[in-house]
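Hi,

Here is the structure I promised to pass on. Have a look at it first, and then read my notes below.

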Amino acid sequence: MTNSASPVSAAAVLDVCLCHASRRGARGISRIYDGALAPLGLKSGQFALLAAIAANAPATVNKLSEIMLMESSTLSRNLAPLRRAGYVSWSGAAGRRAGSLELTPTGEQLFSSAVAAWQGAQSDLSEKLGGSTAANLLQMLERAGKATQ
């Protein structure tokens with residue numbers, strides 16, 4: 001169904017929509033990292049969670065939610081497979097969002113192995129984009145994340 005009162009065509013919307021462009025770019029970028037991390041049984045989002053936990057341990061779900069710009073309930077769902085696999089431990093206070101998260105020794109080993117795969121993907125993408133474009137993209141994405149908080 002089209003709205004005849006709309007002065008902008010759907011194609012024009014897609015050409016300038018920041019949300020569409022960022023999601024499309026994120027899917028393409030994720031494919032590169034997911035491919036590199038697949039032999040370790042990880043997806044790029046799981047790797048980012050492991051990195052955030054490792055960098056901020058012990059971390060609460062609320063703190064990780066802020067870092068990852070995710071709703072707490074979404075973050076808890078995304079953490080569940082990592083906890084079930086024994087990569088992340090949840091200790092301390094009772095409750096869904098209370099307590100602290102840390103990598104287990106198995107999680108630390110996995111993260112250490114995954115960093116090498118991540119470095120390969122990071123290097124590959126940076127080369128495809130060009131070094132200055134990759135650096136500019138990172139700055140722009142950080143700025144966009146901060147502007148939406």
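**What I found**

Let me start with Leu69: its relative accessibility is 48%, so it counts as partly exposed. The cut-off for exposed is over 50%, and that is why Leu69, at 48%, stays in the partly exposed class. Before I go on, please keep in mind that this is a predicted model.

Why begin with Leu69? Its phi is positive, about 55 degrees, although the residue is not a glycine. You will find Leu69 in the loop that joins α4 to α5, the latter being residues 72-84. Another backbone feature is in the loop between α3 and α4 (61-68), where Pro58 lies. The peptide bond leading from Ala57 into Pro58 is cis, and its omega is near -10 degrees. As background for both, most residues other than glycine have a negative phi, and most peptide bonds are trans.

**The chain as a whole**

Now to the overall layout. I count seven helices and two strands in the chain. Going along the sequence, they come in the pattern α-α-α-α-α-β-β-α-α, so to speak a pair of strands with helices before and after.

What is the radius of gyration of the chain, and what would a compact globule of 149 residues have? The chain has 18 Å, whereas the globule would be near 15 Å. Along its principal axes, the C-alpha trace spans about 55 × 40 × 25 Å.

Of the 149 residues in the chain, 23% are buried. The chain exposes about 9800 Å², and carbon and sulfur atoms supply 55% of that area. As for contacts with a separation of 6 or more, 52% are between residues 24 or more positions apart. On the charge side, there are 14 positive and 9 negative side chains, and the centres of these two sets lie 8 Å apart.

**The aromatic cluster**

This is the part I would open in the viewer. A pair of aromatic rings is described by the distance of the centres and the angle of the planes, and the structure holds two such pairs.

Take Phe47 and Phe111: their ring centres are 5.4 Å apart and their planes are at 20 degrees, so this pair is stacked. The cut-off behind that word is planes under 30 degrees apart. The two rings come from distant parts of the chain, with Phe47 in helix α3 (residues 44-56) and Phe111 in helix α6 (residues 105-129), 64 residues apart. Are these two residues buried or exposed? Phe47 has 9% relative accessibility and so counts as buried; Phe111, at 18%, counts as buried too.

Phe47 also pairs with Trp118. Here the ring centres are 6.3 Å apart and the planes are again at 20 degrees, so the pair is stacked. Because Phe47 lies in helix α3 and Trp118 in helix α6, this pair ties together parts that are 71 residues apart in sequence. Trp118 has a relative accessibility of 29%, so it counts as partly exposed. Put together, Phe47, Phe111 and Trp118 form one aromatic cluster.

**A few other residues**

Helix α3 also holds Ser44. With a relative accessible area of 19%, Ser44 is buried; the limit is under 20%, so Ser44 falls on the buried side of it. If you leave aside neighbours within four places in sequence, Ser44 is in contact with Ser30, Tyr33, Asp34 and Leu37.

Thr104 sits in the loop between β2 (100-103) and α6. It is buried, at 15% relative accessible area. Which residues does Thr104 touch, not counting those up to four places away in sequence? They are Gly86, Tyr87, Val88 and Ser89. The C-alpha atoms of Thr104 and Ala54 are separated by 9.9 Å, while the two residues are 50 residues apart along the chain.

Last on my list is Asn62, in helix α4. Its 41% relative accessibility makes it count as partly exposed. From Asn62 to Trp90 the C-alpha to C-alpha distance is 13 Å, with their positions 28 residues apart in sequence as the separation.

Cheers

How values were computed: Residues are numbered from 1 along each chain as its sequence is written. This is a predicted model: local features need pLDDT of at least 70, side-chain atom pairs count only at pLDDT 80 or more; totals for chains, interfaces and linings use all residues. Side-chain values use heavy atoms; hydrogens and water are left out. Rings of Phe, Tyr and Trp (its six-membered ring) pair if their centres lie within 6.5 Å; planes under 30 degrees apart count as stacked, over 60 as edge-to-face and the rest as tilted. Helices (H or I, at least four residues) and strands (E, at least two) are DSSP runs, numbered from the N terminus. Buried means under 20% relative accessible area, exposed over 50%, partly exposed in between (1.4 Å probe, protein chains only). The radius of gyration is taken over C-alpha atoms; the globule rule is 2.2 Å times the number of residues to the power 0.38. Contact means heavy atoms within 4.5 Å. Accessible areas come from the Shrake-Rupley method with a 1.4 Å probe; for residues, only the protein chains shown count as cover. Lys and Arg count as positive and Asp and Glu as negative; His and the chain ends are not counted. The place of a charge is taken as NZ of Lys, CZ of Arg, CG of Asp or CD of Glu.
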